[in-house]
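Hello,

Here is the structure I promised to pass on. Have a look at it first, and my notes follow underneath.

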Amino acid sequence: MDEEYDVIVLGTGLKECILSGLLSVDGLKVLHMDRNDYYGGESTSLNLNQLWKKFRGEDKPPAHLGSSRDYNVDMIPKFMMANGTLVRVLIHTDVTKYLYFKAVDGSYVFNKGKVYKVPSNDVEALKSPLMGLFEKRRARKFFIYVQNYEESDPKTHEGMDLTRVSTRELIEKYGLSDDTVDFIGHAIALHRDDRYLDQPALDTVKRMKLYSESLARFQGGSPYIYPLYGLGELPQAFARLSAVYGGTYMLNKPECKVEFNEEGKVIGVTSEGETAKCKKVVCDPSYLPNKVRKVGRVARAIAIMSHPIPNTGDSHSVQIILPQKQLGRKSDMYVFCCSYTHNVAPKGKFIAFVSAEAETDNPESELRAGIELLGPVDEIFFDIYDRYEPVNEPSLDNCFISTSYDATTHFESTVVDVLNMYTLITGKVVDLSVDLSAASAAEE
């Protein structure tokens, strides 16, 4: 342990593992420690016994739910955009060789008490029961504009500078109704609240294009993919990557205490009486509680069911977004469901999550709108956890702290945090156009 490292990473949550992998690939000497004896931190996957112990205080689940080890229940469930940034990071680092993915069956949106498939292009807009005849035509025109839009080609801009025009102004040009704006902004562009309407439209148009590109990539029923055996596979895959490039791992290290010099700069980490020296520390908020502040809470329900979610075309894996306006809330609610087809439950069993940024202290009543969509459940667990973000100045103390996971059921915001942290730590941007698997093959 008494060695010197460029970076010590504390916690094996997904964000920390991705960073550990990227920094090791960069040639930095990385030591990765965790106080737990398992990978994943807050974003780990639990088997049925572990789930029971966490929420019910004992590990004796009823026999009718099947074998404990057939369950991989993600504590922070999120789908990936098939063409999104996380997938590009996976390809860039060649971590895909450790993982198997399967497309997610459906992408749905809640509107006026019902669940509808999200139309994502001009063809689907014309078929969608979400809109009346005239609205379909207006929506189709808007989708065509977005599909044709190229940032570098002014001919596709129709005289609008989307870095200056707000999303609200762009949408008004097409005369779309509030309900249409709701599903476009929240279920396609994946904005979490309505602040985007007064921000430049370019971001929303790029997000819509990402959705349709992701949909086209696997020709599935949704733009999302998800790893077989759940997300617990991801931190381990990045940990393997780090190890391949010389990273050192130590799990089950209690009391990882970050040490500082008199100027307040990090100089190492002490555990069990030994100190490993380092220039920089990367960690989740739990390791440096005095350098973070609470910014919110996430309420969630975890349900085990014996059927797919009703009204989703018997989808075995599905995301449903309930836009804030439909519920009279300040932010969206999310429903995530996967099943035995992704190897996260025994045959015939489905696992559903309902999550939202908590606006009350009662998750059971707050999440009711999402829970009512699930139909009968075999078992349900409720939980509420705090979200933190760093308040330190990394240039002064060399501590790089991730933000807590949000309530969304997709990865786009998570990866933004990771790539921003990477740039803060190294002073450079991850070049995702480089395929490391091709580079390493060339070296061999």
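A crossing is called left-handed if the near helix is turned anticlockwise from the far one by less than a right angle, and right-handed if clockwise. Helices here are DSSP runs (H or I, at least four residues), numbered from the N terminus.

This is a predicted model, where local features need pLDDT of at least 70, side-chain atom pairs count only at pLDDT 80 or more, and totals for chains, interfaces and linings use all residues. Residues are numbered from 1 along each chain as its sequence is written, and side-chain values use heavy atoms, with hydrogens and water left out.

Helix 1 (residues 14–25) and helix 14 (residues 412–426) cross in the right-handed sense. Their axes (lines fitted to C-alpha atoms over the stretch in contact, with angles from 0 to 180 degrees between N-to-C directions) lie 10 Å apart at an angle of about 40°. Helix 1 is therefore oblique to helix 14 (under 35 degrees is roughly parallel, over 145 roughly antiparallel, 65 to 115 roughly perpendicular, the rest oblique). Among the residues in contact (heavy atoms within 4.5 Å) are Ile18 and Leu22 of helix 1 and Val418 and Met421 of helix 14.

Helix 1 also meets helix 9 (residues 233–244), with axes that come within 8 Å and cross at roughly 20°. That makes the pair roughly parallel, and this crossing is left-handed. Ile18 takes part here too, and the partners in helix 9 include Phe238 and Leu241.

Finally, 18 residues of domain 2 touch 15 residues of domain 3, by the same contact cut-off.

Best wishes

Conventions:
Helix = DSSP H or I, 4+ residues; strand = E, 2+ residues; numbered from the N terminus.
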